[in-house]
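Please open the model in your viewer and keep the sequence panel beside it, since this tour moves from the whole chain to single residues and then to the ligand.

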Amino acid sequence: MQAYVLVLYYSKYGSTREMAHLIANGIEATGMAVKIRTVPNLSTMVKEAEPSIPAEGDIYCTLDDLANCSGLALGSPTRFGNMASEMKYFLDQTTALWLNGALHGKPACVFTSSGSMHGGQESTLLTMLPPLFHHGMMIMGLSNAHPALSNTKTGGTPYGASHVSGARHDQTLSQDERALCEDQGKRLGEVVKKLIAG
Ligand SMILES: Cc1cc2nc3c(=O)[nH]c(=O)nc-3n(C[C@H](O)[C@H](O)[C@H](O)COP(=O)(O)O)c2cc1C
């Protein structure tokens, strides 16, 4: 099986999805293969549960997609300063992978999108990390040598790429936010390549 980096995200309004695809571009620029996967919406009405294959867009992640990756970029919108329940629900189904150490020693990074500038991006990124630590993953942030990290007037944190989408989801990714997404993908891809090469 060809080695790949998994970009796994949840997105309701599209911002985190756009970030996921920019990060994937960065990973591909290193020559690594990428799988982009998402997770379904949650519904309180069981009979309204999502079909197993989405009508459009990226397909849903399986546990095998996660178990067999060589590195992971995990993205979620900021929800009350934390990851979306859809992503948490998916992670809560990974006990078998934890038991057999499927993700142990693999590099991982996180990214998020929030409505407002000070609406909890950092707390979201930092609280997305504990499940990855529990899986024994090696956590990577952004390079603080990247000029966009100092120049950005919106998203971008040392803990991972971020985007401020505005109260009406109408704020597109700034050049700095885009550059940091691609750089995060490149960093991850390069580290994964080195680890695979031994
Ligand atoms: C239930 C809920 C909670 C949210 N909580 C926050 C929050 O704590 N801080 C914030 O800045 N934005 C918050 N937002 C806004 C989203 O983070 C923002 O719209 C994000 O860009 C959506 O990402 P998406 O386009 O990938 O769905 C919240 C949105 C929802 C629906």
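**The chain as a whole**

Begin by selecting the protein chain in this predicted model and colouring it by secondary structure, where you should find seven helices and six strands. If you follow the chain from the N terminus, the elements come in the order β-α-β-α-β-α-α-β-α-β-α-β-α. The radius of gyration is 16 Å, close to the 16 Å that the globule rule gives for 198 residues, so the chain is as compact as a globular protein of that length. Turning the view along the principal axes, you can picture the C-alpha atoms filling a box of roughly 50 × 40 × 30 Å. Within the chain, 42% of the 198 residues count as buried, and 76% of the contacts with a separation of 6 or more are between residues 24 or more positions apart.

**The start of the chain**

Next, select Met1, which lies in the segment before strand E1 (4-9). Is Met1 buried or exposed? Met1 counts as exposed because it has 4 C-beta neighbours inside 10 Å, and the cut-off for exposed is 12 or fewer. Now add Thr157 to the selection: 156 residues separate Met1 and Thr157 along the chain, and their C-alpha atoms are 34 Å apart.

**Around the ligand**

Finally, select the ligand and display the 19 residues that surround it, of which the closest are Tyr13, Thr16, Pro77, Gly115 and Gly119. Helix H1 (15-29) and strand E4 (107-114) are the elements that give two or more residues to this shell. Coloured by class, the shell shows three nonpolar, 14 polar and two charged residues.

Conventions: Residues are numbered from 1 along each chain as its sequence is written. This is a predicted model: local features need pLDDT of at least 70, side-chain atom pairs count only at pLDDT 80 or more; totals for chains, interfaces and linings use all residues. Helices (H or I, at least four residues) and strands (E, at least two) are DSSP runs, numbered from the N terminus. A residue is buried if 20 or more other C-beta atoms lie within 10 Å of its own, exposed if 12 or fewer, and partly exposed in between; C-beta atoms are placed from the backbone. A residue is near a molecule or strand if its C-beta atom, placed from the backbone, lies within 6 Å of it. Ala, Val, Leu, Ile, Met, Phe, Trp, Tyr, Cys and Pro count as nonpolar, Asp, Glu, Lys and Arg as charged, and the others, Gly among them, as polar. The radius of gyration is taken over C-alpha atoms; the globule rule is 2.2 Å times the number of residues to the power 0.38. Two residues are in contact if their C-beta atoms, placed from the backbone, lie within 7 Å.
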